[in-house]
Amino acid sequence: GTLKYGIASAISSGAVTIAGGTYDMASFSDTVGAFTLIEGSILDSVSGVTGGILTGTSYTIESGTISTPLAGGTAQMTKNTKGTVTITAAATYSATTTINAGTITLSGSGSAVSSAFTINLGGTLTLDNTSTNVASRLGDATALTMNGGNFNFIGSASAAASETTGT
């Protein structure tokens with residue numbers, strides 16, 4: 001099913017778990033507690049509107065698609081299980097993203113320029129520029145720590161693609 005916002009701050013500070021289905025910000029923003037995406041989609045269905053920012057105290061993601069901006073200052077993102085999460089919107093949280101298993105793919109307009117990344121054995125970070133060439137999916141001065149995991153960079157057939165990261 002779909003949970004679609006009709007007002008800003010509809011949940012306001014409570015923990016949220018999506019275990020299948022769609023969490024639709026519908027151009028409204030909310031600040032929630034710990035946010036867990038087991039499977040499903042987080043999106044903003046209102047086209048042409050910028051808004052719909054989800055701010056969590058932490059993010060645990062397992063499988064699905066995130067196409068609305070994520071914020072949260074010191075909120076950490078953790079990926080613990082196999083499966084893929086595709087992020088197609090800019091994320092502005094500034095704590096570390098840790099991939100312990102499975103894949104996080106940044107594609108479309110997806111980026112996380114304020115977050116350091118730690119990729120552990122069993123985890124993969126993929127930067128996918130096949131449809132949209134984004135020059136800075138990761139922050140130029142943020143750490144990218146490889147602890148036995150994989151880093152994939154997919155370029156574009158129509159334009160040169162590159163990425164700078166690390167300290």
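Which side chain makes a polar contact with the side chain of Asn80? Keep that in mind while we walk through this predicted model. We begin with the strands and then return to Asn80.

Start at strand 4, which covers residues 34-43. Strand 2, residues 16-24, pairs with strand 4. The two run in the parallel sense, and seven bridges link them. Find Thr17 and look across to strand 4: Thr36 stands opposite.

Now follow strand 4 to another partner. Strand 6 spans residues 58-61 and pairs with strand 4 over four bridges. This pairing is parallel too. Thr36 turns up again here, since its bridge partner in strand 6 is Thr60. So much for strand 6; strand 4 also meets strand 7, residues 64-66. Three bridges join strand 4 and strand 7, and they run parallel. Look for Ser41, whose bridge partner in strand 7 is Thr65.

Back to Asn80. This residue sits in the loop between strand 9 (76-79) and strand 10 (84-87). Is Asn80 buried, exposed or partly exposed? Its relative accessible area is 40%, so Asn80 counts as partly exposed. The limits explain the label: buried means under 20%, and exposed means over 50%.

The opening question can now be settled. The side chain of Asn80 makes its polar contact with the side chain of Asn100, at 2.7 Å. Asn100 is also among the residues that Asn80 contacts beyond its neighbours within four places in sequence. The others are Thr60, Ile61, Glu62 and Ala101. We met Thr60 before, as the strand 6 partner of Thr36. Gly102 gives another view of the fold around Asn80. These two residues are 22 apart in sequence, yet their C-alpha atoms are 7.2 Å apart in space.

Our last stop is Thr97, in strand 11 (residues 97-99). Is Thr97 buried or exposed? Its relative accessibility is 1%, so Thr97 counts as buried. The cut-off for buried is under 20%.

Which side chains make polar contacts with the side chain of Thr97? One is the side chain of Tyr93, at 2.6 Å. Another is the side chain of Ser115, at 2.8 Å. Ser115 also appears among the residues that Thr97 touches, leaving out those up to four places away in sequence. Met77, Ile104, Ala116, Phe117 and Thr118 complete that set.

Key. Residues numbered from 1 in each chain as written. Predicted model: local features only at pLDDT ≥ 70, side-chain atom pairs only at ≥ 80, totals over all residues. Heavy atoms only, no water. Pairing = 2+ DSSP bridges. Buried < 20%, exposed > 50% of the residue type's maximum accessible area, 1.4 Å probe, protein only. Contact = heavy atoms within 4.5 Å. Polar contact = N/O pair within 3.5 Å; in protein donor to acceptor, adjacent residues only side chain to side chain.
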